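Biologist: I'm new to this one, so could you walk me through it and tell me what lies behind the labels?

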Amino acid sequence: MGNMRRLTILGSTGSVGVNTLDVIALHPGRFEIVALTARSQTQLLFEQCLKFQPRFAVVLEPSSAEDLRRRVRQAGLSCEVLCGLEALEEVAALPEVDTVMAAIVGIAGLRSTLSAARAGKRVLLANKESLVTAGPLLMDAARSSGAQLLPIDSEHNAIFQALPASYSGHPDVAGVRRILLTASGGPFRLLPLHQLEKVTPEQACAHPNWVMGRKISVDSATMMNKGLEVIEAHWLFNVAPEQIEVVIHPESVIHSLVEYIDGSVIAQLGNPDMRTPIAHALDFPQRIAAGVQFLDLARVGALHFEKPDLQRFPCLHLAYEALAAGGAAPTVLNAANEVAVAHFLSGLLSFSRIPEVIEGVLADTDLGHARDLEEILAADAAARARAERKLARARPFPVSGARRRAARS
Ligand code: NAD
Ligand code: MG
C-alpha cells in the first residue's frame with residue numbers, strides 16, 4: 001500500500017463530489033480529507049464534515065458560513081469554516097494537500113482549479129468548463145508547476161487509459177490517428193424534432209444512463225456536453241479538432257476510444273458509473289475498488305453506434321466552430337450556454353432555443369483574446385451580459401405560474 005493521499009474536494013456536495021466520498025469511504029486509512037467545499041448546501045456539507053473530519057470546510061456566502069459554523073460548534077468538531085472565492089483558492093493550494101478533486105460546476109470552478117494546478121497538485125479534473133474556458137492557461141500552469149491533470153470525465157478518463165502510459169501530448173509520436181468520443185445521445189435522441197420545444201427541465205434531467213447534476217444533464221440533452229468535451233480533449237491530449245470524432249453509442253458501455261495508425265482501436269468499457277473513473281484517478285497508478293457493479297457483457301447483449309444528427313444537436317456544431325475560431329470563442333460559448341441552461345432550468349426559456357441564444361451571442365460578440373485570467377473572466381462577463389440582454393428582450397416566454405414562481409426562488 002502506498003502513502004496516504006491528502007485531499008481537497010472542491011464541490012463535495014455535488015454529484016461527482018458525493019461519488020468521490022463514496023469511493024473514499026471504501027478505503028479507510030488510504031485517504032485523508034483536508035478540505036471540503038460547497039456553494040450553499042450546509043446540511044449535506046455538515047454531514048460530510050461529521051463523517052470525514054476535514055480541517056477546513058468552505059462555502060460561498062457569509063450567511064452559509066455562519067450556519068455551518070454553528071452546526072460544527074454544536075457537534076464539537078474542530079473543522080475551520082471559511083467562505084468566499086479566495087478561500088476556495090486557498091484550500092486548493094494548501095501545502096499539506098497533494099490531490100485536489102475539481103468538481104465545481106461551470107466557470108465558477110476555474111479560479112480554484114487553476115490555483116491547484118499552479119500549486120503543483122495532482123488535479124482530478126471533473127470541472128471541464130475550466131479547460132474549455134482556459135485550456136492553454138491551465139495546461140501551461142500544470143506544465144510549469146509539474147501538476148498532473150488526471151481526467152475524471154468518463155470519456156477523457158477512457159482515452160487516458162487507452163493511450164500509452166508514456167503519452168506526452170504528441171499524437172504523431174504515439175501513432176494516434178483519431179480520438180473517438182462516445183455520447184449517449186441523451187434523453188431526446190429519438191424524440192420527434194417538433195416536440196423538443198415543449199420538453200421540461202425534469203425530462204431533460206432524466207438521463208437514460210447517468211445520474212448527474214442538473215447543468216450537465218441539460219448539456220447532455222443538447223449535446224453541448226459533448227461539444228465541451230471535444231474542446232476538453234483538444235487541450236488535454238493536444239489533438240487537432242479534425243482528429244476528434246463524436247459517435248453516438250446509446251448504451252454508454254464504451255466510454256471512448258483511441259484509433260492508432262495501424263488500424264488498432266483501443267477502448268475502455270464499463271458500466272456507466274462515475275465511481276470508476278474517480279477510483280482510477282484517486283490512487284493512480286494503483287487500481288482500487290470503486291464499489292461499482294461489474295460489466296456483464298452477455299447481459300448488455302448488443303452495442304449500437306450512429307453518427308450524431310447536427311440538426312437535432314446544433315450545440316455540438318457550435319462547439320466545434322468555437323474551437324476552430326479560437327481566442328475567447330470557447331469562453332463565450334460556455335458563458336452563453338451557462339446562462340441559457342440556467343434560464344431553461346428556471347422555466348424561462350424553451351429547450352429548443354438554447355442553441356439559438358448561444359449562436360446569437362457568438363455572432364454578436366467581438367471574440368477577442370483569452371490569454372490570461374483577466375481576459376477570460378472579462379470575455380465571460382461580457383458574454384453573460386449579452387446573453388441576459390437577449391433573453392430579456394425575448395420574454396415573455398409563455399410559462400405557467402408555477403414555473404414562474406420556481407424561476408423567482
Ligand atoms: P453538481 O451541480 O451536482 O455539483 C456542483 C458542486 O459545485 C456542488 O458541490 C456545488 O455546491 C458546487 N458549486 C456550484 N456552484 C458553485 C459556485 N458558484 N461556487 C462554488 N461552488 C459551487 O455538478 P456535477 O454534476 O457534480 O458536476 C461537476 C463538474 O463535473 C461539472 O463541471 C461537470 O461537467 C463535471 N462532470 C460531471 C459528471 C457527473 O456525472 N455528474 C460527469 C462528468 C463530468
Ligand atoms: Mg463525459
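Modeller: Sure, and keep in mind that this is a predicted model. Let's start at ligand 1: one of its oxygen atoms has a polar side-chain atom of Q41 3.0 Å away.

Biologist: What makes that Q41 pair a polar contact?

Modeller: The cut-off is 3.5 Å between N or O atoms, and the Q41 atom lies 3.0 Å from the ligand oxygen, so the pair counts. The backbone joins in too: a polar backbone atom of S15 is 2.9 Å from an oxygen of ligand 1, and a backbone N or O atom of V16 also lies 2.9 Å from a ligand oxygen.

Biologist: Which residues come nearest to ligand 1?

Modeller: T13, S15, R39, E129 and G213, out of 24 residues around it.

Biologist: And the magnesium ion, ligand 2: how do you know which protein atoms are its donors?

Modeller: Donors must be within 2.8 Å of the metal. D153 (OD), E155 (OE) and E229 (OE) lie 2.1 to 2.2 Å from the ion, so they qualify. Along the chain their spacing reads D-x1-E-x73-E. E155 in helix α7 and E229 in helix α11 are 74 residues apart, linking distant parts of the chain.

Biologist: Why are E155 and E229 called buried?

Modeller: Buried means under 20% relative accessible area. E155 has 8%, so it is buried, and E229, at 1%, is therefore buried as well.

Biologist: What lines the second largest pocket?

Modeller: It has 24 lining residues, with M139, Y167, S168, G169 and L236 nearest its centre. By class, 16 are nonpolar, 7 polar and 1 charged. Helix α11 is one of the elements supplying at least two of the lining residues.

Terms used: Residues numbered from 1 in each chain as written. Chains lettered and ligands numbered in written order. Predicted model: local features only at pLDDT ≥ 70, side-chain atom pairs only at ≥ 80, totals over all residues. Heavy atoms only, no water. 1 Å grid on protein atoms, 1.4 Å probe; cavity = no way out; pocket = protein on both sides within 12 Å on 5 of 7 lines; lining within 4 Å. Helix = DSSP H or I, 4+ residues; strand = E, 2+ residues; numbered from the N terminus. Nonpolar A, V, L, I, M, F, W, Y, C, P; charged D, E, K, R; others polar. Donors = N, O, S within 2.8 Å, 3.2 Å for Na, K, Ca; no water. Buried < 20%, exposed > 50% of the residue type's maximum accessible area, 1.4 Å probe, protein only. Near = heavy atom within 4 Å. Polar contact = N/O pair within 3.5 Å; in protein donor to acceptor, adjacent residues only side chain to side chain.
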